[in-house]
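Trainee: I have a new model open on my screen and would like to talk through its packing. Could you go over it with me?

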Amino acid sequence: MTELDLKTSTTDPARPGVRGGWRTPDRLYRLISSPVLRMILGWDLPRYDLRVVERRAGTICMEVGSGGGFYTTALKTHLGSENTLIALDPSPSAMQLLQHRLDGVPGARMSYLAGDGCKLPLADDQADTLFYGYSLEEMPDPLAAMREAHRVLRPGGELVLFLWRPVFTRHRRRPVVALLDELFERRRTSAGPQNIRLVYRKPAE
């Protein structure tokens with residue numbers, strides 16, 4: 001485990017130039033959501049990984065960048081029937097397929113939205129939890145996405161980020177992590193060869 005490249009950088013977090021990532025085509029969602037492939041690439045185990053996500057009765061959680069739903073089923077189950085999970089992805093077809101697949105699966109009440117992670121379709125201070133499962137690195141403006149996260153999270157709300165290290169390189173991460181450390185309180189860090197997992201909390205007012 002290493003945190004060498006997770007320390008707050010001297011890079012100005014507001015400066016432009018954090019490139020957006022390569023957007024995964026819809027037709028590849030099923031492939032990259034394969035549990036076998038994900039285990040080979042990064043040892044992702046959804047039920048285990050999502051234990052960091054808090055669950056309290058009445059929680060509104062948004063999964064930003066649900067894609068093929070690799071984490072969505074486990075997140076729905078983890079949150080339970082007393083909570084609400086909003087799945088958000090730019091692809092309407094991906095959301096339709098995900099809804100079809102999750103109908104009847106026990107767990108949180110579900111909403112499915114086609115939308116932009118850089119312009120979240122929520123009011124200020126509305127969400128209790130935001131979860132990004134390897135989606136931030138695909139967004140066209142990661143800094144704008146994190147400012148949106150700060151806007152929609154309620155004071156005391158939780159921000160959970162799973163980052164894919166080979167794609168979200170150190171150069172791209174530094175200004176994003178600097179902004180995160182400016183806007184939020186960091187609660188947990190886990191860094192391995194492939195994955196970085198960060199948990200933040202929005203300061204209570």
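Trainee: Leaving aside neighbours within four places in sequence, which residues is Asn83 in contact with?
Mentor: Happy to help, and keep in mind that this is a predicted model. Asn83 sits in the loop between α4 and β2. Leaving aside neighbours within four places in sequence, the residues in contact with Asn83 are Arg55, Arg56, Ala57, Gly58, Thr59, Ala108 and Arg109.

Trainee: How far apart in space are Asn83 and Arg109, C-alpha to C-alpha?
Mentor: In sequence, 26 residues separate Asn83 from Arg109. The two are also in contact. From C-alpha to C-alpha, the distance in space is 6.3 Å.

Trainee: Is Asn83 buried or exposed?
Mentor: A residue counts as buried when its relative accessible area is under 20%. The value for Asn83 is 2%, so Asn83 is buried.

Trainee: Which backbone atoms lie within reach of the side chain of Asn83?
Mentor: There is one on the nitrogen side and one on the oxygen side. A polar atom of the Asn83 side chain lies 2.9 Å from the backbone nitrogen of Gly58. At 2.6 Å, the side chain of Asn83 also reaches the backbone oxygen of Leu79.

Trainee: Leu79 belongs to α4, then. How many residues of α4 are buried?
Mentor: Helix α4 covers residues 72-79. Its buried residues are Thr72, Ala74, Leu75, Lys76, His78 and Leu79, and they pack against α3, β1, β2, α5, β3 and β4. The helix is mostly covered, and of its eight residues the number buried is six.

Trainee: What is the phi of Gly80, just after α4?
Mentor: Gly80 follows directly on the helix. Its phi is positive, at about 85°.

Trainee: How do the axes of α4 and α5 cross?
Mentor: Two packed helices are described by the angle between their axes and the distance between the axes. Here the axes of α4 and α5, the latter spanning residues 92-102, come within 11 Å and cross at roughly 50°. That angle makes α4 oblique to α5. As for handedness, the crossing is right-handed.

Trainee: Which residues meet where α4 and α5 touch, and how do they divide by character?
Mentor: From α4 come Thr72, Thr73 and Lys76, which meet Leu98, Arg101 and Leu102 of α5. By character, the residues of this contact are two nonpolar, two polar and two charged.

Trainee: Moving to α6, which backbone nitrogen lies 2.7 Å from a polar atom of the Glu148 side chain?
Mentor: Glu148 is found in α6, residues 142-152, and is buried, with a relative accessible area of 13%. Not counting residues up to four places away in sequence, Glu148 touches Gly117, Cys118, Lys119 and Leu120. The backbone nitrogen at 2.7 Å from the side chain is that of Leu120.

Trainee: What is the phi of Asp125, and what is its relative accessible area?
Mentor: Most residues other than glycine have a negative phi. Asp125, in the loop between β3 and β4, is not a glycine, yet its phi is positive at about 55°. Asp125 is partly exposed, and its relative accessible area is 37%.

Trainee: Is Tyr134 buried or exposed, and what is its phi?
Mentor: Tyr134 lies in the loop between β4 and α6. With 11% relative accessibility, Tyr134 counts as buried. Its phi is positive in a residue other than glycine, with a value near 60°.

Notes: Residues numbered from 1 in each chain as written. Predicted model: local features only at pLDDT ≥ 70, side-chain atom pairs only at ≥ 80, totals over all residues. Heavy atoms only, no water. Axes fitted to C-alpha atoms, helices over the stretch in contact; angles between N-to-C directions. Helix = DSSP H or I, 4+ residues; strand = E, 2+ residues; numbered from the N terminus. Parallel < 35°, antiparallel > 145°, perpendicular 65-115°, else oblique. Left-handed = near helix turned anticlockwise from the far one by under 90°. Contact = heavy atoms within 4.5 Å. Nonpolar A, V, L, I, M, F, W, Y, C, P; charged D, E, K, R; others polar. Buried < 20%, exposed > 50% of the residue type's maximum accessible area, 1.4 Å probe, protein only. Polar contact = N/O pair within 3.5 Å; in protein donor to acceptor, adjacent residues only side chain to side chain.
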